[in-house]
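I opened the notebook today to look up a few contacts and cysteines. Here is the structure I worked from, and my entries follow below.

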Amino acid sequence: MIDTGGKAATRRVARARARVVASASLLQQIQRGRLPKGDCLAAAQVAGIMAAKNTPALVPLCHPLRLSHVAIDFTFGERFLEITCVARATEATGVEMEALVGCAAAALTVYDMAKTQEQGIVIADLRLLEKTGGKKDYRAKGPGRR
């Protein structure tokens, strides 16, 4: 584990994204809340927030952080559901892993709730979009960045 004791606590923000690729009809069912297991988006939102808050229990050597904010948002495309997670904290280390874990858990929850309707669901493009705070800011470049 990295020693962060000598680093100043600064406001840290990270934004990550994942995509759930599925048929248009399944995505319509998800968007309308019509899956047999219930409201997929509500469950995925809670799962993402809980996972972000519990990142050190899931990823070895991650520092436990006092997150001040976690948000999970959904955007529908014709053949995909985009999940975005924003994590914020004032800490001596970044919140990138929390944002990534939040996206991953939300996407896995969508998969779990929809898998009985369609087996070909793909979770794709999990990536860090940006982070601020600390020594260096980062902003992803290239296709698919929003």
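Before anything else, I fixed my words for burial: I call a residue buried under 20% relative accessible area, exposed over 50%, and partly exposed in between. I also kept in mind that this is a predicted model.

**Entry 1: a surface patch**

I started with isoleucine 123, which I found in strand β4, residues 122–132. Its relative accessibility came out at 36%, so I noted isoleucine 123 as partly exposed. I then looked at its company on the surface: Leu108, Tyr111 and Ile123 form a nonpolar patch there. Together the three have about 250 Å² of accessible area.

**Entry 2: salt bridges**

Next I searched the whole structure for salt bridges and got 6 of them. I wrote down some of these in detail.

One of them joins the side chains of glutamate 130 and arginine 15, at 2.8 Å from N to O. This pair links distant parts of the chain, since glutamate 130 is in strand β4 and arginine 15 is in strand β1 (residues 10–21), 115 residues apart. Is arginine 15 buried or exposed? I have it as buried, because its relative accessibility is 17%.

Glutamate 130 also meets arginine 139 in a salt bridge, at 3.4 Å from N to O. Arginine 139 counts as partly exposed, because its relative accessibility is 47%. Putting these together, I recorded Arg15, Glu130 and Arg139 as linked in a network of salt bridges.

Another bridge on my list is between the side chains of lysine 115 and aspartate 112, at 2.7 Å from N to O. Lysine 115 is partly exposed at 34% relative accessible area, and aspartate 112 counts as partly exposed at 31%.

**Entry 3: cysteines**

How many disulfides are there? I counted 0. I wanted to know the reason, so I went through two of the cysteines, with a cut-off of 2.5 Å between sulfur atoms for a disulfide.

For cysteine 62, the closest cysteine sulfur is in cysteine 85, and at 13 Å that is too far for a bond. Cysteine 62 is buried, with 15% relative accessible area.

For cysteine 85, the closest cysteine sulfur belongs to cysteine 103, 5.2 Å away, which is again too far for a bond. Cysteine 85 is buried as well, with a relative accessible area of 0%.

While at cysteine 85 I checked valine 101, whose place is in helix α4, residues 96–114. The two are 16 residues apart in sequence and 8.8 Å apart in space, C-alpha to C-alpha. Valine 101 counts as buried, because its relative accessibility is 12%.

**Entry 4: rings**

I looked for aromatic pairs and the structure holds 0. I did find a charge over a ring, though: the charged end of arginine 19 sits over the ring of phenylalanine 80, 4.5 Å from the ring centre.

**Entry 5: a glycine in a loop**

Last, I turned to glycine 133, which lies in the loop between β4 and β5 (138–139). Glycine 133 is buried, with a relative accessible area of 15%. Which residue did I pair it with over a long stretch of chain? It was arginine 12: the two are 121 residues apart along the chain, yet their C-alpha atoms are separated by 4.5 Å.

Methods:
Residues are numbered from 1 along each chain as its sequence is written. This is a predicted model: local features need pLDDT of at least 70, side-chain atom pairs count only at pLDDT 80 or more; totals for chains, interfaces and linings use all residues. Side-chain values use heavy atoms; hydrogens and water are left out. Patches are made of residues with over 30% relative accessible area and no salt bridge: like charges are joined within 9 Å, nonpolar side chains (Val, Leu, Ile, Met, Phe, Trp, Tyr) within 5 Å. Accessible areas come from the Shrake-Rupley method with a 1.4 Å probe; for residues, only the protein chains shown count as cover. A salt bridge is a side-chain nitrogen of Lys or Arg within 4 Å of a carboxyl oxygen of Asp or Glu. Helices (H or I, at least four residues) and strands (E, at least two) are DSSP runs, numbered from the N terminus. Buried means under 20% relative accessible area, exposed over 50%, partly exposed in between (1.4 Å probe, protein chains only). Rings of Phe, Tyr and Trp (its six-membered ring) pair if their centres lie within 6.5 Å; planes under 30 degrees apart count as stacked, over 60 as edge-to-face and the rest as tilted. A charge sits over a ring if NZ of Lys or CZ of Arg is within 6 Å of the ring centre and within 35 degrees of the ring normal.
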